[in-house]
Amino acid sequence: MEYIRIKGGIPLRGEAGIQSSKNAALPILAAALLAKGTTVLEKCPRITDVYHMTAIMEELGCRIWWEEENLCIDTSQLSRFDICCPSARCMRSSCLFLGSLLGRLGQARLPYPGGCVIGKRPIDIHMEGLKSMGVVFTEQEEKINASVSRLEGCRIQLSYPSVGATENLLLAAVLAEGTTQIKGGAKEPEVEELSRFLNQMGARIRWKDGETLVIKGVKSLSPVTYQIVPDRIVAGTYLLAAVATRGKITLHNVPWGHLGALEVQLMKMGGRIRVLDHDVIFDASEAVHGLKEVRTLPYPGFPTDLQSQLAAALTLADSPSQIEETVFESRFAAMEELTKMQARIKIKERKIQIQPAAFLKGTDVHAGDLRGGAALVVAGLAAQGVTKVTGCEFLERGYSDIVKDIQSLGGRIEKVNQQP
Ligand code: UD1
């Protein structure tokens, strides 16, 4: 059994660089299928979710290899559209192959996607949008079967700014006949990144009035070399670990412009921030205040992917806090684990209510999802005594080496591999 062992109660002091973004890399991997030839993704994060995506791409006929930290994808031999590989059921982003396979081959067949259990997570918005572009869906042997003779540009109004649906529709629209307009799409930086990547391949995507994505279909796209942006959620996790331990840290390679909603809350807590180019120096020695009301929202609101870590950081605040989760209806699994560490947390409908705890006590806890696991690490760093976090496989989906990063930040943390 593998677990993370943390000796907590020590303020973080140190520096670390930020890995590349998971949520930018995954749709870009799906997008690489749209061009024939070899795409190179520089600084691609080495995380399980990327390995699941590449396993699916190999099944489809792509050749994949690493050249140090760069991932190379040769799609010249791509011929299959039927995804059977178990990786597809392990992650939600496998559904992004719908848009790119329809664009490249006009057909896609895949299992209903899996992923962290943090809510219902249907893909109805993806499918509705694709249907308006002419795609026909049938269900066969519990798989989604999609086909289209020619993708047609059209006007789409999304009922919710779903990140994945916006990305899937972009992937389908870039090679469609005519122009597609997507209103009400997600504005997350990762959607921007996907658009930038596709435009570099030769696509014609732009925002009109900041509200509508306009995509002029092109005949073909070319492979490119592209550098994946740093991960705003990983940076946010480490900043919140500094809050929990009242530490002082420096992070390099931070996409600070994408962390505006977190910055507001860090300041309210009493943190002091200095930004020098891509470095952030964060002094959390007086970041002690609770937050009366935080709501997770689509970008530029506070990210749901930092909700659990924020809750962990607020357990030791000097006043009560409340976080409302509006994006995923049941993203609270880590809260029960935090209460085992003596955190004073209650869930009321979609609200996390946190009363100040005198201290957190290290104990054995289990990660049930990726960001929930990160929250347990944050809490473990602040807790008295030793915390053992099992369920490391969830953390590995999104953090390329959280143990090494936290060690550089001065945390007493190690990965333990216990033989049965
Ligand atoms: C992406 C991110 C994830 C983040 C989330 C919200 C990636 C790989 N993952 O996930 O880390 O937490 O955005 O910022 O980028 N929904 C529907 N029907 C749909 C699609 C979504 O009801 O067809 C609902 C979902 O169940 C959820 C909400 O909309 O409640 C947000 O989902 P969405 O924005 O699609 O998130 P993902 O793209 O899955």
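**Cavities, cores and backbone details**

Analyst: Ser21, Asn23, Glu190, Asp231, Arg232, Ile233 and Arg371 line the second largest cavity, and the model in which this cavity is found is a predicted one.

User: OK, how much space lies in that second largest cavity?

Analyst: The second largest cavity holds about 30 Å³ of space, and its lining, sorted by class, comprises 4 charged, 2 polar and 1 nonpolar residues.

User: And how many cavities of 30 Å³ or more does the structure hold?

Analyst: There are 2 cavities of 30 Å³ or more in the structure, and the largest of them has a volume of about 40 Å³.

User: Which residues line the largest cavity?

Analyst: The lining of the largest cavity consists of Ser21, Ala24, Pro189, Glu190, Glu193, Val229, Pro230, Arg232 and His258, which by class gives 4 nonpolar, 2 polar and 3 charged residues. Ser21, Glu190 and Arg232 are named in this lining and also in the lining of the second largest cavity.

User: Which helix gives the most to the lining of the largest cavity?

Analyst: That is helix α7, which spans residues 189-201 and contributes 3 residues to the lining.

User: Switching to pockets, what volume does the second largest pocket have?

Analyst: The second largest pocket has a volume of about 350 Å³, and of the 21 residues that line it, Gly103, Leu175, Ala176, Val218 and Lys219 are the closest to its centre. By class, the lining of this pocket is made up of 10 nonpolar, 6 polar and 5 charged residues.

User: Gly103 caught my eye. Where does helix α4 stand, largely enclosed or not, and why?

Analyst: Helix α4 covers residues 96-105, and because 9 of its 10 residues are buried, it is largely enclosed by the rest of the structure. The buried residues in α4 are Leu96, Phe97, Leu98, Gly99, Ser100, Leu101, Leu102, Gly103 and Arg104, so Gly103 is among them, given that buried means under 20% relative accessible area. The helix is followed by glycine 106, whose phi is positive, near 75°.

User: Now the nonpolar cores: which residues have the most contacts inside the largest one?

Analyst: Leu41, Met133, Leu198 and Leu221 have the most contacts inside the largest nonpolar core, which has 75 residues. Helix α1, residues 22-32, gives the most to this core, with 8 residues. A second core, separate from this one, has 72 residues and includes Ile4, Ile352, Ala357 and Leu360.

User: What is methionine 133 in contact with, leaving aside its neighbours within four places in sequence?

Analyst: With those neighbours set aside, methionine 133 is in contact with Val148, Arg150, Leu151, Glu152, Cys154, Ile156, Leu169, Ala172, Ala173, Ala176 and Thr180. Ala176, which appears in that list, is also one of the residues closest to the centre of the second largest pocket.

User: Next, strands β19 and β20: in which sense do they pair, parallel or antiparallel?

Analyst: Strand β19, residues 344-348, and strand β20, residues 351-355, pair in the antiparallel sense over 5 bridges, with isoleucine 345 standing opposite isoleucine 354 in β20. The two strands form a hairpin with 2 residues between them, and glutamate 349 in the turn has a positive phi of about 50°.

User: Which other residue has a positive phi of about 50° although it is not a glycine?

Analyst: Glutamate 68 has such a phi, positive at about 50°, and this residue lies in the loop between β4 (63-67) and β5 (70-74). With a relative accessible area of 71%, glutamate 68 is exposed. Glutamine 342 is not a glycine either, yet it has a positive phi of about 80°; glutamine 342 lies in the loop between α11 and β19 and, at 42% relative accessibility, counts as partly exposed.

User: And alanine 333, where does it lie?

Analyst: Alanine 333 lies in helix α11, residues 333-340, and because its relative accessibility is 45%, alanine 333 counts as partly exposed. Its C-alpha atom is separated by 25 Å from that of valine 288, 45 residues apart along the chain.

User: Last one, which residues does a cis peptide bond join?

Analyst: A cis peptide bond joins tyrosine 299 and proline 300, with omega at about 10°, and proline 300 lies in the loop between β17 (294-296) and α10 (307-314). Most peptide bonds are trans, and most residues other than glycine have a negative phi.

Definitions and conventions:
Residues are numbered from 1 along each chain as its sequence is written. This is a predicted model: local features need pLDDT of at least 70, side-chain atom pairs count only at pLDDT 80 or more; totals for chains, interfaces and linings use all residues. Side-chain values use heavy atoms; hydrogens and water are left out. On a 1 Å grid over the protein atoms alone, a cavity is a set of points where a 1.4 Å probe fits but cannot get out, and a pocket is an open set with protein on both sides within 12 Å along at least five of seven lines; lining residues have an atom within 4 Å of a point. Grid points are joined across faces, edges and corners, and a volume is the space filled by probe spheres set on the points. Helices (H or I, at least four residues) and strands (E, at least two) are DSSP runs, numbered from the N terminus. Ala, Val, Leu, Ile, Met, Phe, Trp, Tyr, Cys and Pro count as nonpolar, Asp, Glu, Lys and Arg as charged, and the others, Gly among them, as polar. A nonpolar core is a set of buried Ala, Val, Leu, Ile, Met, Phe, Trp, Tyr and Cys residues joined through side-chain atoms within 4.5 Å. Buried means under 20% relative accessible area, exposed over 50%, partly exposed in between (1.4 Å probe, protein chains only). Contact means heavy atoms within 4.5 Å. Two strands pair if DSSP finds at least two bridges between them.
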